[in-house]
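Notebook open. I want to look up charge pairs, burial and helix packing here, and jot down what turns up.

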Amino acid sequence: MKRLNRLTPYFQHPLIRWALTLTWTATAASLMLSPSGEGTTVTWVSKLFGGTETTDAVGHVIINSILGFLWAWTMSLYTSSANTTRIVLVGGLIWGFTAEGTQYFVPGRGTSLLDLAANILGVSVGVSLFRLFIHYAPDISTTRQNPPSAVDRQSSGR
């Protein structure tokens, strides 16, 4: 537990959160929007999960759970937990529809209602996990404390 407490300031830093969130978002977008076919990353990842439509959907849930968690964790720096939940769930709906819709135009890919449902379920699971996380590890997940403004410093005599 002491090691985790020493890492807390690093996890609180907005640059760390944004870097992790944007890196995972780019990874997820790359996987969802890359062409499919022999020798491609998408085919390799699909085979890794089993290569069936159902196991692909499980992969979508996992990818989007991580995505939903990271976006909620990052957005929590700027707004309340309730607003974070709303923002990420609405963003997740938009993400899910956009990702599946654009796959229609990607060679070797297609749209799937199962994948759409898995995308939305994944984001919802990620936000739910975040809500549990802030309940059990508030030191790492709390909203960033803004530095005192110039008015605050003058009124306190600093």
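I started with charges, so I fixed the rule: a salt bridge is a side-chain nitrogen of Lys or Arg within 4 Å of a carboxyl oxygen of Asp or Glu. By that rule I count one salt bridge. Housekeeping before going on: this is a predicted model, where local features need pLDDT of at least 70 and side-chain atom pairs count only at pLDDT 80 or more, while totals for chains, interfaces and linings use all residues. Residues are numbered from 1 along each chain as its sequence is written, and side-chain values use heavy atoms, with hydrogens and water left out.

**Entry: the salt bridge.** Which residues form it, E38 with what? E38 pairs with K47, and their closest N and O atoms are 3.5 Å apart. I then checked whether E38 and K47 are buried or exposed. Both are exposed (buried is under 20% relative accessible area, exposed is over 50%, partly exposed is in between, with a 1.4 Å probe and protein chains only).

**Entry: the whole chain.** I get eight helices and zero strands, with the elements running α-α-α-α-α-α-α-α from the N terminus. Helices (H or I, at least four residues) and strands (E, at least two) are DSSP runs, numbered from the N terminus. Of the 158 residues, 34% are buried. I also looked at contacts, meaning heavy atoms within 4.5 Å. Among those between residues at least 6 apart in sequence, 73% join residues at least 24 apart.

**Entry: helix 2 and helix 4.** Helix 2 covers residues 14-33 and helix 4 covers residues 53-75; their axes come within 9 Å and cross at roughly 155°. That makes helix 2 roughly antiparallel to helix 4. For the record, axes are lines fitted to C-alpha atoms, for helices over the stretch in contact, and angles run from 0 to 180 degrees between N-to-C directions. Angles under 35 degrees count as roughly parallel, over 145 as roughly antiparallel, 65 to 115 as roughly perpendicular, and the rest as oblique. The residues in contact include W18, W24 and M32 of helix 2, and H60, N64 and W71 of helix 4. Helix 2 passes helix 4 in a left-handed crossing (left-handed if the near helix is turned anticlockwise from the far one by less than a right angle, right-handed if clockwise).

**Entry: helix 6 and its neighbours.** I found helix 4 and helix 6 packed at an angle of about 40°, axes 6 Å apart. Helix 4 and helix 6 are therefore oblique to each other, and their crossing is right-handed. Helix 5 (residues 81-103) has its axis within 9 Å of that of helix 6, crossing at roughly 160°. That makes helix 5 roughly antiparallel to helix 6. This crossing of helix 5 and helix 6 is right-handed. Among the residues that meet there are G96, A99 and E100 in helix 5, and D115 and N119 in helix 6.

**Entry: two residues in helix 6.** N119 sits in helix 6 and is buried, with a relative accessible area of 0%. Leaving out residues up to four places away in sequence, N119 touches M32, H60, N64, G96, A99 and E100.

D115 lies in helix 6 too, which spans residues 113-136. What is the nearest side chain of opposite charge to D115? R109, 5.8 Å away; D115 is buried yet has no salt bridge. My sign convention is Lys and Arg positive, Asp and Glu negative, with His and the chain ends not counted. With the same sequence neighbours left out, D115 touches A57, H60 and E100.
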